[in-house]
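Below are my notes on this model, set out as numbered points for reading beside the sequence and the coordinates. Please take them in order, starting with the question that follows.

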Amino acid sequence: MSSCKEGEENQLKCLWVQGPIIVGAGPSGLAVSACLKNNGVPSVILERSDCIASLWQQRSYNRLKLHLPKQFCELPLLGFPENFPMYPTKHQFISYMESYAVHFSIEPRFKQVVQSAEFDHISGFWRVQTQDTEYISRWLIVATGENAEPVIPEIPGIEKFDGPVVHTSGYKSGLEFSNKRVLVVGCGNSGMEVSLDLCRHHASPHMVVRNTVHILPREMFGFSTFGIAMALLKWLPLRLVDKFLLLVATFTLGNTDKLGLRRPKTGPIELKNATGKTPVLDVGALSQIKSGKIKVMEGVREITRNGAKFLDGQEREFDSIILATGYKSNVPCWLKGSDFFTETGMPKTPFPNSWKGEKGLYTVGFTRRGLLGIASDAVKIARDLSDQWTTIKDCKNTCNSHIILQI
Ligand SMILES: Cc1cc2nc3c(=O)[nH]c(=O)nc-3n(C[C@H](O)[C@H](O)[C@H](O)COP(=O)(O)OP(=O)(O)OC[C@H]3O[C@@H](n4cnc5c(N)ncnc54)[C@H](O)[C@@H]3O)c2cc1C
Ligand SMILES: NC(=O)C1=CN([C@@H]2O[C@H](COP(=O)(O)OP(=O)(O)OC[C@H]3O[C@@H](n4cnc5c(N)ncnc54)[C@H](OP(=O)(O)O)[C@@H]3O)[C@@H](O)[C@H]2O)C=CC1
Ligand SMILES: O=C(O)C(=O)Cc1c[nH]c2ccccc12
């Protein structure tokens, strides 16, 4: 990286970057940087927080474990340590990512909040601005993730509520909710697992289920449900695999409709692929629902000073509210002049072709396929980009171009 205009007062520093600029040091940014390095391509990662994998280190609850078996959650080129359990804890996953970064000598530039990134048609380079620096490169890799910001819905009356209102990204443990009545809004994996954690800390969770939801056992016949689905998908059509999963789920879990958990018409994997809505992989919440320790509530009509009114006319008092309402991409806030992303910040081109845009733009981790999708994107990007890198290096040796010498 070489500097072109060093810090005059109120002016951005300007840095030319060797290889691509990667925005985000989560699993996606680390994976793509490692794959590039393995192919001899340097890169610079810009990360807004002060650590790698900030979602895992700073914005997730203590009890979190991977809910897919470890073989589906490894980053490319370096697997998990052999002694890891089938479902590593978040602390194990973080330590794995720390060693991954050390192994590939990945050193992100921390506290660099990317505020804008735009392709400069005149120079043919990407200009990426953080709060204090402008980075310039021929390539930009978007690795800010599908979970960059919490979704905070506007629920009528919520501003009147007297008690604490937290999003699951700020929830650590049920310890501070002991003996409290808690309204959990949302019933995805976060809503279910936080409700379960609350039960284990003797709180009284009421979980809002406003819509339909697929709940599957994490394991079937001693094998992971996800693993079974992946294996069957090699041989059978998606809809048949979904039918099979639902048959076994009904057999092992019973009819969840009766508990207020109505299933969508579309099957779980088809729905995940089409909309990104992840089925709940049950790790114990369902039995707490069955025993009445987690109460399922219909949609909220309004929040009051000390509780909530529900669509079915019920009214309850609560001490706290936890918003398990999911996450969203933040790409539209900072990526300018590109029509590669939708207004919700997801690539317009669907999987498996969402990893490559135009003019040196790449995306990793926007496939709605978790860590497996990340690994697949990272490998493809590194292959594509290293071909260009080799061509440019060869040209640099022979054409002696001024611009090419700068990068
Ligand atoms: C609670 C939870 C559990 C999950 N468990 C699993 C699982 O078990 N298995 C699985 O396959 N998938 C799982 N996923 C899905 C997915 O694999 C993870 O979310 C994974 O962390 C995504 O990696 P990422 O690098 O794409 O995004 P992130 O981990 O979100 O990393 C993106 C990084 O970009 C940074 N960033 C964002 N905006 C900017 C900006 N403007 N400037 C600079 N930096 C920025 C962020 O600070 C962050 O560090 C889980 C998701 C969640 C939310
Ligand atoms: N152990 C693990 O590995 C875990 C993995 N995860 C993953 O993290 C990702 C995010 O999960 P999660 O945080 O659960 O988010 P999700 O997007 O999966 O779920 C959000 C939930 O909030 C509901 N919701 C949103 N707005 C409102 C509202 N205004 N009123 C009522 N309900 C509302 C949604 O309902 P509706 O469907 O009606 O919109 C949905 O039930 C997923 O991919 C998940 O699999 C999460 C936790 C643990
Ligand atoms: O946990 C997540 O958020 C994931 O995206 C992992 C995942 C990818 N594909 C799935 C299909 C069913 C359940 C979880 C996943």
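How are α6 and α7 oriented to each other: roughly parallel, roughly antiparallel, roughly perpendicular or oblique?

1. The model is a predicted one, and the answer to the question begins with the packing of α6 against helix α7 (residues 268-275), where the axes lie 7 Å apart at an angle of about 125°. Since angles over 145 degrees count as roughly antiparallel and 65 to 115 as roughly perpendicular, α6 and α7 are therefore oblique to each other. On the α6 side the contact is made by Leu238, Arg239, Val241, Asp242 and Leu245, and on the α7 side by Pro268, Ile269 and Glu270. Sorted by class, the residues of this contact are five nonpolar and three charged, with no polar ones.

2. Helix α6 (residues 238-253) also packs with helix α5 (residues 225-233), the two axes being 9 Å apart and the angle about 150°. With angles over 145 degrees counted as roughly antiparallel, α5 and α6 are therefore roughly antiparallel to each other, and the crossing in which α5 passes α6 is right-handed. Thr225, Ala229, Leu232 and Leu233 make the contact from α5, while Leu238, Val241, Phe244 and Leu245 make it from α6. Seven of these residues are nonpolar and one is polar, with no charged residue in the contact.

3. A further helix pair is that of α1 and α3, whose axes come within 10 Å and cross at roughly 30°. Angles under 35 degrees count as roughly parallel, and α1 and α3 are therefore roughly parallel to each other; the crossing of α1 past α3 is left-handed. Pro27, Leu30 and Ala34 of α1 meet Met97, Tyr100 and Ala101 of α3, and the contact is made up of six nonpolar residues, with no polar and no charged ones.

4. The domain assignment divides the protein into domain 1 (2-148 + 329-406) and domain 2 (151-326), and the centres of these two domains, taken over C-alpha atoms, are separated by 32 Å. In the contact between them, nine residues belong to domain 1 and 16 residues to domain 2. The side of domain 1 that touches domain 2 has four nonpolar, two polar and three charged residues.

5. Ligand 1 is surrounded by 34 residues, of which Gly24, Gly26, Gly145, Gly365 and Gly370 come nearest. At least two residues of this shell are supplied by each of α1 (27-38), α2 (54-58) and α10 (370-399), and α10 provides the largest share, four residues. By class, the shell around ligand 1 holds 18 nonpolar, 14 polar and two charged residues.

6. Around ligand 2 there are 23 residues, and the closest are Gly186, Gly188, Ser190, Asn211 and Gly326. Helix α4 (residues 189-200) gives the most to this shell, namely four residues, and the shell as a whole divides into nine nonpolar, eleven polar and three charged residues. Where does ligand 2 lie with respect to domain 1 and domain 2? Both domains give residues to the shell around ligand 2, so ligand 2 lies between them.

7. For ligand 3 the surrounding residues can be listed in full as His67, Leu68, Phe226, Lys272, Thr278, Pro279, Leu281, Arg369 and Gly370. They fall into four nonpolar, three polar and two charged. Because domain 1 and domain 2 both give residues to the shell around ligand 3, this ligand lies between the two domains. Gly370 deserves a second look when the ligands are inspected, since it is one of the residues that come nearest to ligand 1 and is also listed around ligand 3.

8. Two backbone details can be checked in the loops. The peptide bond from Phe351 to Pro352 is cis, with omega near 5°, and Pro352 is found in the loop between α9 (331-334) and β23 (361-363). Leu77, although not a glycine, has a positive phi of about 75°, and this residue is found in the loop between α2 and α3 (90-103).

Notes: Residues numbered from 1 in each chain as written. Chains lettered and ligands numbered in written order. Predicted model: local features only at pLDDT ≥ 70, side-chain atom pairs only at ≥ 80, totals over all residues. Near = placed C-beta within 6 Å. Nonpolar A, V, L, I, M, F, W, Y, C, P; charged D, E, K, R; others polar. Axes fitted to C-alpha atoms, helices over the stretch in contact; angles between N-to-C directions. Left-handed = near helix turned anticlockwise from the far one by under 90°. Contact = placed C-beta atoms within 7 Å. Domains from an automatic or database assignment.
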